[in-house]
Amino acid sequence: FLRKGADMDVRNGMGLRPLGTSAAEFEQDLLSNLYYRRGTTVESASTQDAYETLALTVRDRLAERRVRTAAAQYAANPRWVYYLSAEYLLGKQLEQNMLYSGTDRIARIALRQLGLDPDEVTALDLEPGLGNGGLGRLAACLLDAMATLDIPAVGYGIRYDFGIFKQDFQDGRQIERPDDWAFQGNPWEFPAPDDQQTVFFYGHTEKDAAGRTLWIPGEVVFAEPSHMLVPGHGTDTVNIVRLWRARGSHSSFDLSRFSAGQYAEAVDEAVHAENISKVLYPDDSTESGRELRLKQQYFLVSSSLRDIIRRFRLRNSDWTDFPKKTVIQLNDTHPTLAIPELMRLLVDEEGLSWDLAWAITKQTFAYTCHTLLPEALETWPVHMFERLLPRHIEIVYAINEIFLTEVRNRFPADLDRVRRMSIIQEEPERRVRMANLAVVGTQAVNGVAELHSRLLADITLRDFAELWPEKFHNVTNGISPRRFVKMANPALSDLITEGLGGDAWITDLDRLAGLEPLAEDASFRLRWREVKQANKVRLGLGDPASLTDVMIKRFHEYKRQQLKLLHIITQYHRIKQNPGQTFVPRTVLFAGKAAPAYHAAKHIIRLINAVAATIDADPAVSPYLKVVFPANYNVTLSSLIIPAADLSEQISLAGKEASGTGNMKLALNGALTVGTLDGANIEIRDRVGADNFFLFGLDTPAALELRNGGTYSPRAYYEQDGELRRALDAILDGKFAGVGREVADSLLGWDEYLTLADYRTYVDAQDDVDAAWQDTESWTRRSILNTARSGFFSADRTVRDYASEIWHVTPVKVTR
Ligand code: F58
């Protein structure tokens, strides 16, 4: 029974010799790892050898804590949180693991003792880019906070061979290159091939003599797990994130074909199977590969559920205990197939009654929604679903039938409501609505900011909120103060620690409130400014005295990078028109990727690069305005940009951005926000104070009214506003290397996200920014207040909210 509990077996926690904490001992361990695990010596080691050895030596310090964590959690037999996510943007592991294991200083000393340059060695650490954007990074921040709060948790995901594409610019255009992140191997991973699971696809169903349904699958794929460590900060807890990789089954290598020289055909089946975990989908806007994406989702869900059940059985035997010991959080709808899959396992494989299985399933799951855009709610064609998962479609139909009976009973004669709420969409094509399935099959549904949760209940999921109001919750997002303050901004962290007289804020971020009085202290303000300046120098873009204005996020029309661009062009015109006048010098920094098939977003990227080049080449303008766009935005780059920012651009159309999390990171690092009343901006403004936030634009009701009223005319704004007209005309006249007409045409034609309607108030707000910037002391005061009042946005608070409102879990403390 305990055989497969290796990761929880209490016996493994015994008899370990703790690893040394001195530089000399660390050096000995480095040498020993270099020799025994890397198979080389200092004399012949490459930098890669040194890096891998350093990683192993740091990892060993956490592995010891991991074993004790597993033992304590196993002994407690607690309620576990299983976080299911198709994406994790974990960021680089080395720096984090040195910090969390307290080995940063001794590791550097030891490396130098061995004649190695620590910076050269640590530079080889790579970022696993296993996610797209906010949703993937949120998953990583929540794992960090769960470990820090000693919550027994496992993250499940997919170990993509290729992560999010690498972005480059060619003639200002985005090009994508594959991200071969683990080509050299990944020293942070513990492979666990003996925990392999089998995943089935295709085939058909049959009834056996006893009336039970059998699924006769048509394809068998192996799921091989490996895990990475998720250490908590300031505690001994080390949780894991378990990532699955697809492998062909043993019979998928065709020896006879190989022997006949048909090498490609011999491995055909294995290659086909392994494609499942080959690449992270950078978007869902292309038709090709849709089925592969559905396959990925089922692959994640099926292997993770089997692993969760294996773990449950280590200490439990009664299925009715399953929801008492298990809560499975679905990170958006991508893992929603877990609902019919658990039903299948319980009913078909375990022989439970439908009703009992359904009660267990509903109690086990919870669902987080991350969007408001109707086009982002996932649906799958029924024909594809039933071909790939013939048993699951039957289960979905059965769930739907029972559910719709409940709807009809509650709302008799409301046929339209039944049609809207059905898990199956009928027109124009039969499709499975994953969000509906996720709401029906879970005990809790949450949005990720107050406004978002309200709009979900009032608009997007209104019918469901009317049926089950108690199911709907808000859990406002948060970010890891470890990664985005302590690690990203060491200089500010030191100043904060000094100001507060201790570093307890790192795990208790509300303590930042203690900085408020220091905002009135001129010498503290000077040091605050010095830190910001030094961070700008570290970033190495533009003049550190200029206002650093940053817009860093995925490219999407609703986020409105095009609005920022119109402001830049307006400023460019003002400078050109007023020679001899001085202006507040600004460095505008954009960073972010566009989905490869999202042409409108790619046109915006190209236009930004063209405008940047035009400004750069104009000596009358370049002293006051500079636009920079470093390629390949990722967690690593964000950690350099955020600490250097003065101004945070959060300018989405109100009612479109579910939350945002970059907004929180920037405010915490002392940037002031220029933003709309959207997502978590509202909560940020409520906390930092209206005086310390530059508000502009339509609010959600006004935006809805204007858009839905049917009379919105972007051209009317163009005609009425001379500066706006000049900006758009400049694009249309080809002033920026002839680039960007598509952007201007789209704005003047339909302007889906009301950019022109918000242009004037935005430009006015930017004028207020310029005026405020000129009063240096007052700006610094406001910057300090942004940090001091943003403690709420710690992911620790987010996890506490999930734990008390949705998960009902308690910590398990790891002791020595
Ligand atoms: C983001 N969603 C929201 N989706 O846009 C953002 O407001 C929120 O702060 C964040 O989630 C965390 O809650 C998001 O990042 C994706 O990346 C999708 C993944 C699947 C493909 C389509 C994009």
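Which residue in β17 does Trp380 stand opposite? Val432 is the residue across from Trp380, and the two belong to a small sheet described below. Please keep in mind as you read that this is a predicted model. The protein is divided into domain 1 (1-76 + 92-126), domain 2 (77-91 + 127-476 + 801-807) and domain 3 (481-698 + 755-793). Here is a friendly walk through the domains, the ligand shell, the nonpolar cores, two strand arrangements and a few individual residues.

**Domains 2 and 3**

- Measuring from C-alpha centre to C-alpha centre, domain 2 and domain 3 are 35 Å apart.
- Domain 2 brings 38 residues to the contact, and domain 3 brings 31 residues.
- On the side of domain 2 that touches domain 3, at least two residues come from each of α6 (134-148), β5 (166-170), β6 (173-177) and α17 (450-460).
- Helix α6 gives the largest share of that side, with five residues.
- By residue class, the side of domain 2 that touches domain 3 has 18 polar, 11 nonpolar and nine charged residues.

**Around the ligand**

- The ligand is surrounded by 16 residues, and the closest are Asn132, Gly134, Leu135, Ala658 and Ser659.
- Nine residues of this shell are polar, four are nonpolar and three are charged.
- Both domain 2 and domain 3 take part, each giving at least three residues to the shell around the ligand.

**Nonpolar cores**

- The largest nonpolar core has 222 residues, and the members that touch the most others are Val81, Leu142, Met146, Ala338 and Val611.
- Helix α6 turns up again here, since the largest share of this core, 10 residues, comes from α6.
- Setting aside residues up to four places away in sequence, Val611 touches Leu565, Ile568, Ile569, Val627 and Phe736.
- There is also a second, separate core of six residues, with Val67, Ala70, Ala72 and Val814 among them.

**The sheet with Trp380**

- Three strands make up this open sheet, in the order β15-β17-β16 and with antiparallel pairing.
- Because β15 (379-381) and β16 (424-425) each have a single partner strand, they stand at the edges, and one side of each is left without a neighbour in the sheet.
- Three bridges connect β15 with strand β17 (residues 431-433), and the pairing is antiparallel.
- A cis peptide bond links Glu427 to Pro428, with omega about 0°.
- Pro428 sits in the loop between β16 and β17.

**The β9-β10 hairpin and Tyr202**

- Strand β9 (residues 204-207) and strand β10 (residues 213-216) run antiparallel and are joined by four bridges.
- One of the bridge pairs matches Glu206 with Leu214 in β10.
- These two strands form a hairpin with five residues between them, and Gly211 in the turn has a positive phi of about 90°.
- Tyr202 lies in the loop between β8 (197-201) and β9.
- The phi of Tyr202 is also positive, near 60°, in a residue other than glycine.
- Tyr202 counts as partly exposed because it has 15 C-beta neighbours inside 10 Å, which falls between the limits of 12 or fewer for exposed and 20 or more for buried.

**Other residues to look at**

- Leu754 is found in the loop between α30 (741-749) and α31 (755-774), and its phi is positive, near 55°.
- Leu754 is buried, because 24 other C-beta atoms lie within 10 Å.
- Asn663 belongs to helix α25 (residues 662-668) and counts as buried because it has 30 C-beta neighbours inside 10 Å.
- Apart from neighbours within four places in sequence, Asn663 is in contact with Ser648, Gln650, Thr673, Gly675, Ala680, Asn681 and Ile684.
- Asn663 and Glu649 are 14 residues apart in sequence, and their C-alpha atoms are 7.9 Å apart.
- Ser22 lies in the segment before α1 (23-36).
- With 11 other C-beta atoms within 10 Å, Ser22 is exposed.
- Ser22 and Ala107 are 85 residues apart along the chain, while their C-alpha atoms are separated by 9.2 Å.

Technical notes. Residues numbered from 1 in each chain as written. Predicted model: local features only at pLDDT ≥ 70, side-chain atom pairs only at ≥ 80, totals over all residues. Domains from an automatic or database assignment. Contact = placed C-beta atoms within 7 Å. Nonpolar A, V, L, I, M, F, W, Y, C, P; charged D, E, K, R; others polar. Near = placed C-beta within 6 Å. Pairing = 2+ DSSP bridges. Core = buried A, V, L, I, M, F, W, Y, C linked by C-beta atoms within 7 Å.
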